[in-house]
Number of protein chains: 2
Amino acid sequence: MDEHEKPLRADARRNRMRVLEAAEAVFADQGVGASTQEVARAAGVGIGTVFRHFPTKEALLEAVLVERMRGLVEDARAAAARPDVGVAVFGFLEHVIGQSAAKNAFADALAGAGVDVSGVFAQVREELLAAIEVLVRRARDEGTLRGDVGVSEVVAVLVGASHAVRWAPPQAQANTVTVILDGLRPRG
Amino acid sequence: MDEHEKPLRADARRNRMRVLEAAEAVFADQGVGASTQEVARAAGVGIGTVFRHFPTKEALLEAVLVERMRGLVEDARAAAARPDVGVAVFGFLEHVIGQSAAKNAFADALAGAGVDVSGVFAQVREELLAAIEVLVRRARDEGTLRGDVGVSEVVAVLVGASHAVRWAPPQAQANTVTVILDGLRPRG
DNA sequence: AAGCATACGGAGCGGGCGCTCCGAATGTCA
DNA sequence: TGACATTCGGAGCGCCCGCTCCGTATGCTT
């Protein structure tokens, strides 16, 4: 919980950000199997620098994920703040799916990281789930979301859709998302 | 296309099958990243034997996939032969999803193998797509499947559902599949 | 400007991977 | 049963990976 870390030197702070951005890009289009060397090269720094800022490849991956999830938390909260939450939910879901498709699969990343229960990762994950829970509840109340689905189902569908869209041929992607999300709407 | 290969010695044929089965099991619960050593160990043979039968790890993976896809082709054709095709389609889809969940993700495997267009793999893949196409067309005619989805969408949804179900907590899995497959039904 | 703590780069280490190679073992056929 | 082609096992090769270590370079403070 403490935030007692000494302020980084200017170059160190700059390099940390470069590495983080490079990692996001590299893992995005080469998969999480991409080597740390590759990340260092893309960031324009030595490997040593990468490992000083992120002591482990897994830690680097986690940092990237946390960054992205923070963004999603904001998006979810923004959607919840809108007057037409019921509609906004689907906008949020499409947004997440589109983002996962363009970059790397939301799920692989989420599942791939070995989820240690005590950590920043777990904390942000909880925040995200909580934010989604609000959305789900409100949307169900408004009748735009099936009554028999909870956060678990919505998240699972999200993960599935992210993969589906990555797999579908370009001209079928939009329709695939529509079809899957339609499954979340009440029937009738 | 030729089938001019000399008949294998009895032990060779037996070992080939053992390796194939072991590979299916190992890749299933350790992921495609599992080492060839591990497969050899599980099959009770030396690594040399594995590589004689399948000259490359990729070839081994492909063989496993082909085997599984052959099974799916039969299932799809069986479903198409039933009088209630419209209903049978969904049974088929659930079957595939369940199988992918228990073993390894249909999609990862399918996408993971570097799809060389000329080969047994591509051939079986075509057969499977063709079989599914028949199902899709018949089901649409019967009105149990949305009119605006084609094979691409159905396969993509299948892939997505396979991942979704692997990600969902146990008690939400059945419901997740239901939700996703409902997206394929006509709205009404 | 000088001195010091901090951060940098990249050669190199240990380890695991896919794959090869060949002497030993085994099935096959006369 | 003997002789031979086939197949087997697993030590070992080269490669790439994550990660460490330390001499050098750089930013900060006085």
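How do the residues of the surface near DNA strand C divide into nonpolar, polar and charged? Hold that thought for a moment, everyone, while I say that what we have here is a predicted model.

Here is the split: eight nonpolar, nine polar and six charged residues make up the surface near DNA strand C. Altogether 23 residues surround DNA strand C, and the closest are N15(A), G46(A), G48(A), T49(A) and K57(B). As for helices, at least two residues each come from α1 and α3 of chain A, and from α1, α2 (36-43) and α3 of chain B. The largest share, four residues, belongs to α3(A).

Now let's turn to the other strand. DNA strand D is surrounded by 23 residues, with A10(A), K57(A), N15(B), G46(B) and G48(B) the closest. Two or more residues each are given by α1 (10-30), α2 (36-43) and α3 (47-53) of chain A, along with α1 (10-30) and α3 (47-53) of chain B. For strand D, α3(B) provides the largest share, four residues. By class, the surface near DNA strand D has eight nonpolar, nine polar and six charged residues.

Next, the place where the two protein chains touch. Chain A puts 26 residues into the contact, and chain B puts in 26 residues. On the chain A side, the elements giving two or more residues are α6 (106-112), α8 (151-167) and α9 (170-182). The largest share there, ten residues, is from α8(A). That side of chain A, where it touches chain B, has 15 nonpolar, six polar and five charged residues.

Let me finish with a helix, α7. In chain A, α7 runs over residues 120-142, so its 23 residues at 1.5 Å a residue should span 33 Å, and the end C-alpha atoms are indeed 33 Å apart. Which residues of α7(A) are buried? They are F121(A), L128(A), A131(A), I132(A), L135(A), V136(A) and A139(A). As a reminder, an α-helix has 3.6 residues a turn, so residues three or four places apart point the same way. Just past the end of α7(A), G143(A) has a positive phi of about 80 degrees.

And chain B? Helix α7 of chain B, residues 120-142, reaches 33 Å from first C-alpha to last, close to the 33 Å expected for its 23 residues. Its buried residues are F121(B), L128(B), A131(B), I132(B), L135(B), V136(B) and A139(B). Right after α7(B), G143(B) takes a positive phi of about 80 degrees.

Thanks for listening!

Conventions. Residues numbered from 1 in each chain as written. Chains lettered and ligands numbered in written order. Predicted model: local features only at pLDDT ≥ 70, side-chain atom pairs only at ≥ 80, totals over all residues. Near = placed C-beta within 6 Å. Nonpolar A, V, L, I, M, F, W, Y, C, P; charged D, E, K, R; others polar. Contact = placed C-beta atoms within 7 Å. Expected span 1.5 Å × (residues − 1). Buried ≥ 20, exposed ≤ 12 C-beta atoms within 10 Å, placed from the backbone.
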